[in-house]
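Here's a quick tour for anyone meeting this structure fresh. Have a look at it below, and then we'll start where the chains meet.

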Amino acid sequence: MAPRVDLAERRDRITALGVVAPPPIHITTPTFDGSLATLFSCVRDHKVDLLGVPLFPICEAYFSYMLNTEMRDLDEAAAALVALSYLLERKAWLLLPVPDPEPDFDEPMDAIEPSIQEFSYAIDSLRLWYEERSMLFFRSPEAGPDPYELPYTLANVSVGDLARAFERLLKRASPEPMEPLSKPKRSLQDQMQAVLLAVGTEWKTLTQLVTEPFTRTEAVYWFLALLELVRLGKVSARVVGDDVEFGREDLADQTTPHGEFDPGH
Amino acid sequence: MEEAVTPNQHLEAVDLVFALLFVADTPSSAETLASALGFTVGQVEQAVDVLTKRLRKAGPLQLVKLAGGYQLSTRAEYAELIANFLKPQRQRLSRSLMEVLAIVAYRQPITMAEVEEVRGVQSDYAVKALMERRLLQEVGRKTVPGRPVLYGTSAQFLHQFKLNDLKELPPLETEMPALPSPE
């Protein structure tokens, strides 16, 4: 605890704002001559335009004070630093570019404040034009499906067949192991390569393709990779009984089972 | 196989312009067409005039001037037929999106805060939605504290509203609608 005498002395140096007054650092600049505390008060009360006061001599005076006083009073040093920081921040804000002044109107009182009502006619016009434009069709990707995407037929392999095959696979999946929050990202491209290797020269069901144990996430990756390969025409599918079998695309050419899915043709 | 035809050979300039516009999936400016064909801009504009009149006489196509260029489109009479065939996903523009779009179109470049000042409500969702639809784009940053993003309309906006440039926007209302007089 500080000695009683120190506290009494310090009370004298506490300003009306409840903080210790900055030390008597004298500043001499072309536009201001006085103490740091006076400059601080004048700037705060808008009595001095800080833009006209160079900060370099002030910083120099502060560093000189820091080097010469051997840091006997930390509170005073801190107060000086606070005052200097305040001046630096104020000057930084003042130096930011300001927008160009608004042009003077001939009759400023007649200028209408911007409001959304001002745009109502424009909004109605835009809506009308949007409707008119929607009646026109251009050669553009937004006008419809990509014209260069080869269509493929699902034959009698329905979306429901695929969904049921996927459901059967998910039922066999193991619970996800507890892992750290940052899971490594999996690439569907890598998974497609793995699936392409697994889809051999004979027809296999999804259950036969994916060997246990596997998690639900892995099952989803397998299924998505298979769908993408089917879309790209690298894997074919056919319905056998109530299940869907997958095989390499060339298998579809060799055999002609009913219900074969033949992409790209 | 037929030989490739160059502009200097027997084909008419109109047909050459037609061929390029047929395959283009974005509006082509007269300058772009002129550069591709080795013509002057004036020659291209002449060819475009002739082509516009020729298409007006017959056929399902028309030549539209929009987004600073020319592009072929189908006529409005065929809209229903084509919509049934292509089944395009219509993107509805809600009232709030239209408001933001109109404010940005007329006041661009404009910050989000300025848009909100005109509307009097928060508009970040609407701006984001319009950015996702590529109707708005970032055009810079305002030189004020915080350097907020400035937004402007895109070429896609001109295309979607069949505008050639922003000068075609209707003038803003300069007078507030009169309030009904008390009975």
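## Where the chains meet

Put chain B and chain A together and about 3,900 Å² gets buried between them, with carbon and sulfur atoms giving 66% of that area. Buried area here is the accessible area (1.4 Å probe) that two parts lose on being put together, summed over both. In terms of residues, 50 from chain B are in contact with 34 from chain A, where contact means heavy atoms within 4.5 Å.

Before going further, a note on what you're looking at: this is a predicted model, in which local features need pLDDT of at least 70 and side-chain atom pairs count only at pLDDT 80 or more, while totals for chains, interfaces and linings use all residues. Residues are numbered from 1 along each chain as its sequence is written, chains are lettered from A and ligands numbered from 1 in the order in which they are written, and side-chain values use heavy atoms, with hydrogens and water left out.

## Links across the interface

How many salt bridges does the rule find across the interface of chain B and chain A? Just one, a salt bridge being a side-chain nitrogen of Lys or Arg within 4 Å of a carboxyl oxygen of Asp or Glu. Glu118(A) pairs up with Arg107(B), and their closest N and O atoms are 3.3 Å apart.

There are also four residue pairs in polar contact between the two chains, both residues being at pLDDT 80 or more. (A polar contact is a pair of N or O atoms within 3.5 Å; within protein, one must be able to donate a hydrogen and the other to accept it, and residues adjacent in sequence count only if both atoms are side-chain atoms.) On the chain B side, the elements that each supply at least two residues include α1 (13-23), β1 (61-66), β2 (69-74) and α4 (79-86). The most comes from α5(B), with seven residues.

## The two chains one by one

Chain A has 10 helices and six strands, while chain B has eight helices and five strands. Helices (H or I, at least four residues) and strands (E, at least two) are DSSP runs, numbered from the N terminus. Follow chain B along its sequence and you get α-α-α-β-β-α-α-β-α-α-β-β-α.

Of the 265 residues in chain A, 34% count as buried; for the 183 residues of chain B, the figure is 37%. Buried means under 20% relative accessible area, exposed over 50%, and partly exposed in between (1.4 Å probe, protein chains only). Now take the contacts between residues at least 6 apart in sequence: in chain A, 68% of them join residues at least 24 apart, and in chain B, 47% do.

## Two helices with a buried side

Helix α5 of chain A (residues 120-133) has 14 residues and reaches 20 Å from its first C-alpha to its last, close to the 20 Å expected at 1.5 Å a residue. That expected span is 1.5 Å times one less than the number of residues. Its buried residues are Ala122(A), Ile123(A), Ser125(A), Leu126(A), Tyr130(A) and Arg133(A). They cover an arc of only 160° around the axis, so they sit on the same side of α5(A); the arc is that of the directions from the helix axis to the C-beta atoms. What covers them includes α5 (95-107) and α8 (155-160) of chain B.

Over in chain B, α6(B) buries Val115(B), Val118(B) and Arg119(B). These span an arc of only 95°, which puts them on the same side of α6(B). The face turned away from that buried side carries the exposed Ala113(B) and Glu117(B). Cover for the buried residues includes α5 and β3 (110-111) of chain B, and just after α6(B), Gly120(B) takes a positive phi of about 80°.

## Charged pairs

Side chains of opposite charge can pair when their charged atoms come close. A search of the whole structure turns up 12 salt bridges over all chains. One joins Arg164(A) and Asp161(A) at 2.9 Å, N to O. They are three residues apart in helix α6 (residues 159-171) of chain A, so about one helical turn separates them. Arg164(A) is partly exposed at 42% relative accessible area, whereas Asp161(A), at 14%, counts as buried.

Arg172(A) and Glu212(A) also meet in a salt bridge (2.9 Å, N to O). Arg172(A) lies in the loop between α6 and α7 (188-198) and Glu212(A) in the loop between α8 (206-209) and α9 (216-232) of chain A, so the pair ties together parts that are 40 residues apart in sequence. In chain B, Glu12(B), Asp15(B) and Arg54(B) are linked in a network of salt bridges.
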